[in-house]
Structures are given as structure tokens and as C-alpha cells.
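Biologist: Before I trust any of the labels on this one, I'd like to hear where they come from. Can you take me through them?

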Amino acid sequence: MKVTIKDIAKKAGVSPSTVSLVLNNRPCRVSQQKRDEIKQIAKDLNYTANQIARSLVTKQTKTFGLIIPDIENIFFSSLAKHIELQCRSHGYTLIIVNSNDQFENDIALLDLLLSRSVEGIFLIPGSESWQNKTELIKKLQQLPVPYILLDRVFSELSCDKVWFDNEYGAYIAVKHLLENGHRKIGCIASSSFVNGQFRLNGYLRALKEFNIPINQNNIVTGDYKKESGYVAGKELLKKDITAVFITNDMMALGFIHSIYEQNKTIPNDYSVISYDNTIYPYLFGVELSSIKQDVKKLSEAAFKQLYEKTQKKVNVQKDICLQPELIIRKSVRNMHA
């Protein structure tokens with residue numbers, strides 16, 4: 001049977017309320033020796049606090065919720081891990097749910113998390129939510145708890161946000177290709193995603209800066225998943241290009257597959273830069289250059305903002321834009337050499 005405070009109190013010869021005060025490190029008229037004895041008895045009996053009962057008293061569940069669009073995407077799973085670590089280090093539990101990039105799931109999961117009495121919500125909206133932006137924004141504005149938009153943000157919604165400058169990240173990636181002498185640069189984009197559109201804008205911005213004519217035939221769309229990168233790769237390899245910028249790592253995996261299938265290599269046949277910098281540890285023989293989005297920094301900034309909001313330490317809204325970084329490895333051939 002589950003050990004209760006009454007069991008500890010009976011063995012220690014004190015009242016249940018005294019045990020509760022001691023275990024919660026609250027002030028009470030008990031000697032340090034007795035405090036130590038009560039805590040040792042609780043340890044010996046393998047006592048664990050009933051968080052539900054505690055929350056009824058404190059009016060705090062010490063629980064946050066996180067809605068992510070695709071838990072199979074390494075970037076989002078890594079982000080979830082780092083947010084969970086932040087929560088746990090501050091005594092919070094994190095409920096992680098997956099929307100599968102669907103608008104209806106975003107709405108349903110917000111209600112689900114509220115029904116579990118979370119104190120705050122991290123939300124990365126699904127791709128479908130951009131087609132139903134007005135309805136989701138209305139839902140968010142009615143939430144009874146603090147929330148923060150993470151990674152994918154609505155510019156027209158006034159709320160707490162933490163995100164990376166996606167256009168800048170793509171710009172420095174393509175600029176690196178251009179500086180290495182590449183002029184025929186393909187792109188696997190995901191313009192149906194808001195971040196994908198920003199990254200496509202960065203690709204176009206770099207080409208314009210170097211006075212390179214935009215060839216729409218060199219831009220192929222995908223859906224952030226590996227299979228679409230493979231399909232896009234088969235199409236791009238028919239084009240007259242020397243380099244490819246890919247707007248996320250999962251599609252880069254598919255593209256690399258398509259290259260190997262054609263008995264081509266990186267960077268001898270094609271130079272490649274990806275986005276997210278999450279798959280490098282899993283690649284063999286490909287020193288893939290990529291845009292790094294520091295998920296640890298993202299998670300720390302997001303947690304700090306939501307935590308302070310729930311503790312009512314801050315009232316102002318923050319729109320935090322973090323800068324991505326180009327990690328240069330050996331997947332880009334210098335055409336000047």
C-alpha cells in the first residue's frame with residue numbers, strides 16, 4: 001500500500017501536519033533532530049508526495065505543457081528534451097504532446113493541457129495552423145494561463161515569443177556557397193511552413209545581393225520530411241546546378257540518399273548546406289555544413305520567460321529573436337581552387 005503522511009507521523013510520534021511542514025521545508029516548532037528523524041523515516045518507507053493533493057492546497061500543479069508539430073523531427077525532439085530538462089531542474093513536470101502539424105490538433109491539445117491544469121504552455125504551431133491563423137490566434141488570446149510561441153511565431157499576435165532569425169540563417173548559408181564560387185545553386189524549400197518561407201527569402205536575398213538571376217526551376221518544394229527531400233533531390237539532380245541549399249535536416253537526409261543513388265558524392269559532384277545541424281552525428285562520410293539553431297539557448301530563453309510569467313516576476317511581453325550560426329565542415333567545394 002502507498003505510504004501516507006499519517007504512516008510517517010505515527011512512526012515519528014508527531015502529528016500529520018507536522019510531518020507535512022517538515023517534508024515541505026516549512027517553518028514549525030520542531031527540533032532539527034526531530035526534522036532529520038522525520039525525513040529519514042520518510043526515506044526508509046519510500047514515501048513519495050501526492051502531487052495532486054499538494055496542488056489542491058498550494059493551487060499550483062508545477063506542470064507546463066509543450067505542443068510540438070512533429071516529434072519524429074530531430075530538431076523538435078531535441079528541443080523537447082532541453083525544455084524538459086529546464087522544467088525538471090526547477091521542480092516542474094512537462095507534458096509533451098504532438099500535433100502532427102494539424103490545426104485541429106493544436107486546438108484540441110490546448111484544451112487537453114488546460115484540462116490537466118498546466119500553469120503555462122509552450123506552443124510550436126503546426127503548419128496547417130497558418131491557414132487557420134485567425135482562429136488559432138483567437139483561441140490563444142482566450143487562454144487562462146500564460147503561453148509562449150516557440151520557433152514558429154505569428155508576427156501579428158502580441159504575445160511572448162522566442163524564435164530564430166530564419167531568413168538570416170538561410171542568407172549566410174547561401175552566401176557561403178556564393179563566396180566559394182557557386183552560381184548555380186538549387187534550393188529544397190518548404191514555403192508552406194512559415195519558417196520555410198523565411199528561409200526561402202534568405203536564399204533569394206543572397207542571390208540578389210550577388211546579382212545572380214533567380215531561376216525558379218532550381219527551387220523545389222518539400223514538406224520537411226525525409227521522403228520529400230529524396231523526391232526533390234531526384235528532380236534537382238536533373239538540373240544544371242553545382243550546389244544545393246536545403247531548408248531542414250530531414251529533407252537533407254533524403255537528398256543525400258538521392259545523391260548516393262546516382263553514384264554521386266559530396267562535395268565533388270554537389271556542394272550541400274543544410275539547416276538545423278541536428279543530423280551530423282548520424283552521417284557517415286558526409287561532413288555536412290549546416291545552420292545551427294542552438295536548442296539549448298532556445299529552451300533556456302523560452303523557459304525563463306514562461307517561468308517568470310507564471311511566478312508573476314515579469315508582466316511585459318518579450319519577443320526574443322536569436323541568431324543562428326553557420327557551422328562550416330567539408331560539404332562545400334571551393335570553385336576558385
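**How the labels are earned**

Modeller: Sure, with one caveat up front: this is a predicted model. Pick a label and I'll set the value against the cut-off.

Biologist: Why are helix 8 and helix 9 called oblique to each other?

Modeller: The axes of helix 8 (residues 166-179) and helix 9 (residues 194-209) cross at roughly 40°. Under 35 degrees would count as roughly parallel, and 65 to 115 as roughly perpendicular. An angle of roughly 40° fits neither class, so the two helices are oblique. Their axes come within 7 Å, and the crossing is right-handed.

Biologist: What makes that a contact, and which residues of helix 8 and helix 9 meet?

Modeller: Contact needs heavy atoms within 4.5 Å. From helix 8, the residues include Tyr168, Tyr171, Val174 and Leu178. Among their partners in helix 9 are Phe198, Arg199, Tyr203 and Leu207. By class, the contact of helix 8 with helix 9 has nine nonpolar, four polar and five charged residues.

Biologist: And how do you know that helix 5 and helix 12 are oblique?

Modeller: Same style of check. Helix 5 (residues 74-89) and helix 12 (residues 295-310) pack at about 45°, their axes 9 Å apart. That angle sits between the 35 and 65 degree limits, and the pair is therefore oblique. Helix 5 passes helix 12 in a right-handed crossing. Phe75, Leu79 and Ile83 are among the helix 5 residues in the contact, and Val295, Leu298 and Phe303 among those of helix 12. The contact divides into seven nonpolar, four polar and two charged residues.

Biologist: Why do helix 1 and helix 2 get the label roughly perpendicular?

Modeller: Helix 1 (residues 5-12) and helix 2 (residues 16-23) pack at about 105°, with their axes 8 Å apart. The perpendicular class spans 65 to 115 degrees, so these helices are roughly perpendicular to each other. Ile5, Lys6, Ile8 and Ala9 of helix 1 touch Pro16, Val19, Ser20 and Leu23 of helix 2. Six of the residues in this contact are nonpolar, one is polar and one is charged.

Biologist: On to the sheets. What makes strand 2 and strand 11 edge strands?

Modeller: They belong to an open six-stranded sheet with parallel pairing, in the order 2-1-3-4-5-11. Strand 2 (93-98) and strand 11 (319-322) each pair on one side only. On average, neighbouring strands there are turned by 15° against each other, direction ignored.

Biologist: How do you know that strand 4 and strand 5 pair?

Modeller: Pairing takes at least two bridges. Strand 4 (residues 147-150) and strand 5 (residues 160-164) have three, in the parallel sense, and Leu150 stands opposite Val162 in strand 5. As for what covers this sheet, helix 5 lies across strand 1, strand 2, strand 3 and strand 4, at about 160° to strand 2. Helix 6 touches strand 1, strand 2 and strand 3, its direction making about 170° with that of strand 1.

Biologist: Which pairing does the sheet with the order 7-6-8-9-10-12 have?

Modeller: Mixed, in an open sheet of six strands. Strand 7 (219-221) and strand 12 (325-327) are its edges, and the twist averages 20° from one strand to the next. Strand 10 (residues 289-292) and strand 12 run antiparallel, joined by three bridges; one bridge partner is Glu325 in strand 12, for Lys292. Helix 8 runs at about 165° to strand 9, and helix 9 at about 165° to strand 6.

Biologist: Why is the pair of Phe64 and Phe122 called edge-to-face?

Modeller: Ring centres must lie within 6.5 Å to pair, and planes over 60 degrees apart count as edge-to-face. Here the centres are 5.8 Å apart and the planes at 90°, so edge-to-face it is. Phe64 in strand 1 and Phe122 in strand 3 are 58 residues apart in the chain. The whole structure has eight aromatic pairs.

Biologist: Last one: what makes Pro267 and Ser117 worth flagging?

Modeller: Most residues other than glycine have a negative phi, and most peptide bonds are trans. The bond from Ile266 to Pro267 is cis, with omega near 5°, in the loop between helix 11 and strand 9. Ser117 has a positive phi, near 60°, and is found in the loop between helix 6 and strand 3.

Key: Residues are numbered from 1 along each chain as its sequence is written. This is a predicted model: local features need pLDDT of at least 70, side-chain atom pairs count only at pLDDT 80 or more; totals for chains, interfaces and linings use all residues. Side-chain values use heavy atoms; hydrogens and water are left out. Axes are lines fitted to C-alpha atoms, for helices over the stretch in contact, and angles run from 0 to 180 degrees between N-to-C directions. Helices (H or I, at least four residues) and strands (E, at least two) are DSSP runs, numbered from the N terminus. Angles under 35 degrees count as roughly parallel, over 145 as roughly antiparallel, 65 to 115 as roughly perpendicular and the rest as oblique. A crossing is left-handed if the near helix is turned anticlockwise from the far one by less than a right angle, and right-handed if clockwise. Ala, Val, Leu, Ile, Met, Phe, Trp, Tyr, Cys and Pro count as nonpolar, Asp, Glu, Lys and Arg as charged, and the others, Gly among them, as polar. Rings of Phe, Tyr and Trp (its six-membered ring) pair if their centres lie within 6.5 Å; planes under 30 degrees apart count as stacked, over 60 as edge-to-face and the rest as tilted.
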